[in-house]
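Visitor: Hi, I have just opened this entry and would like some help finding my way around.
Guide: Gladly, let us look at it together.

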Amino acid sequence: MFTSSTRVVPEPKKVPRHIAVIMDGNGRWAKKRLLPRVAGHRKGVEAVRATVKAAIDEGVEFLTLFAFSSENWRRPAEEVSLLMELFGRALEQEVAKLHANEIRLKVIGDTSRFDRRIGELVAAGEALTAGNSRLTLTIAANYGGRWDLAQAARAYFAAHPESLAADAPVNPELLEPYLATAYAPEPDLFIRTGGEQRISNFLLWQLAYTELYFTDMLWPDFDAAALRAAIASFGGRERRFGQTGDQVHPGGA
Ligand code: IPE
Ligand code: IPE
Ligand code: MG
């Protein structure tokens, strides 16, 4: 179990332990080149490879990537099925490489809506890489922050029926072991590419004290240098977690 940022003030660090990314802008990247949107998604998979490698080089321990949101089903059926195909193929082609590089794979989200082949690839990939500890790579697929809170609440109440009593105390942190990301510390740094400045139903609970970083760069262009720029921005910030600046830097600048 990791400590909660709303219960304990975390130790300051220059390099984020956990980075969460909304990989946005694939469609616009393709449109600028007069290519079909799927060409942007394909190029986006290459940017994932580069980012995973760069995260390891920078000493990041957890990398969480938003690949498909619970609202992305609203896209045209053809794009949804192309995205599923790409996800399946990436699992087939990359899991052995992840394992060879000592990367642990996790997939969070409601995967029950995916076809059986993807479900099996996810289960096999997670099982194969479960013992790896160099980097935990989490893919959020059919993930929604509201879904996560609802499923955590259901699991919590099933395990603790006594908490439904009218006089039971409210302790928000008790939900944390039931969140889809319970195996990871809260993200230190959130990155969104593509120029939009919104959370789009990503990790609603987990981002409570995360530093937010937005860049206009489109996801297919994201690379090691872009990751280093985001980490450098993080390194220059003062995280206060509700305290005053003087408490964080006693007598300091
Ligand atoms: C992000 O790129 C990938 C997914 C949401 C699957 P988009 O496909 O949202 O790209 P834009 O925002 O249309 O450029
Ligand atoms: C968020 O991007 C989801 C993923 C990157 C998977 P979207 O492109 O779907 O977000 P909105 O619709 O612009 O908020
Ligand atoms: Mg988008």
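Visitor: What volume does the second largest pocket have?
Guide: The second largest pocket has a volume of about 280 Å³, counted as the space filled by probe spheres set on grid points joined across faces, edges and corners. It is lined by 15 residues, and those closest to its centre are Pro12, Lys13, Arg237, Arg239 and Val248. A pocket here is an open set of points on a 1 Å grid over the protein atoms alone, with protein on both sides within 12 Å along at least five of seven lines, and a lining residue has an atom within 4 Å of a point.

Visitor: Before we go on, what kind of model is this?
Guide: This is a predicted model, in which local features need pLDDT of at least 70 and side-chain atom pairs count only at pLDDT 80 or more, while totals for chains, interfaces and linings use all residues. Residues are numbered from 1 along each chain as its sequence is written, chains are lettered from A and ligands numbered from 1 in the order written, and side-chain values use heavy atoms, with hydrogens and water left out.

Visitor: OK, and how much space is in the largest pocket?
Guide: About 1,200 Å³ of space lies in the largest pocket, and among its 49 lining residues Met23, Val48, Phe66, Ala67 and Trp219 lie nearest the centre. Helix H2 provides the largest share of that lining, 11 residues, where helices (H or I, at least four residues) and strands (E, at least two) are DSSP runs numbered from the N terminus.

Visitor: Which pocket does ligand 1 sit in?
Guide: Ligand 1 sits in the largest pocket, which is to say that more than half of its atoms lie within 2 Å of the grid points. Ligand 2 sits in the largest pocket as well.

Visitor: What surrounds ligand 1?
Guide: Its neighbours, each with a heavy atom within 4 Å, include Met23, Arg28, Arg37, His41 and Leu83. Helix H1 (26–32) gives the most to this shell, with three residues, and helix H2 (37–58) supplies at least two.

Visitor: What about polar contacts to ligand 1?
Guide: Counting pairs of N or O atoms within 3.5 Å, an oxygen atom of ligand 1 is 2.9 Å from a side-chain N or O atom of Asp24. A backbone N or O atom of Gly27 also lies 2.9 Å from an oxygen atom of ligand 1. The protein covers 86% of the 380 Å² of accessible area that ligand 1 has on its own, by the Shrake-Rupley method with a 1.4 Å probe.

Visitor: And which residues touch ligand 2 with polar atoms?
Guide: Asp24 appears again, with a side-chain N or O atom 3.1 Å from an oxygen atom of ligand 2. For Asn72 the corresponding side-chain distance is 2.9 Å, and for a polar side-chain atom of Arg198 it is 2.8 Å. The protein covers 78% of the 390 Å² of accessible area that ligand 2 has on its own. Strand E2 contributes four residues to the shell around ligand 2, the largest share.

Visitor: Changing topic, how many cavities of 30 Å³ or more are there?
Guide: The search of the whole structure finds one, a cavity being a set of points where a 1.4 Å probe fits but cannot get out. About 140 Å³ of space lies in it, and of its 13 lining residues the closest to its centre are Glu176, Thr181, Ala182, Ala184 and Glu186.

Key: Polar contact = N/O pair within 3.5 Å; in protein donor to acceptor, adjacent residues only side chain to side chain.
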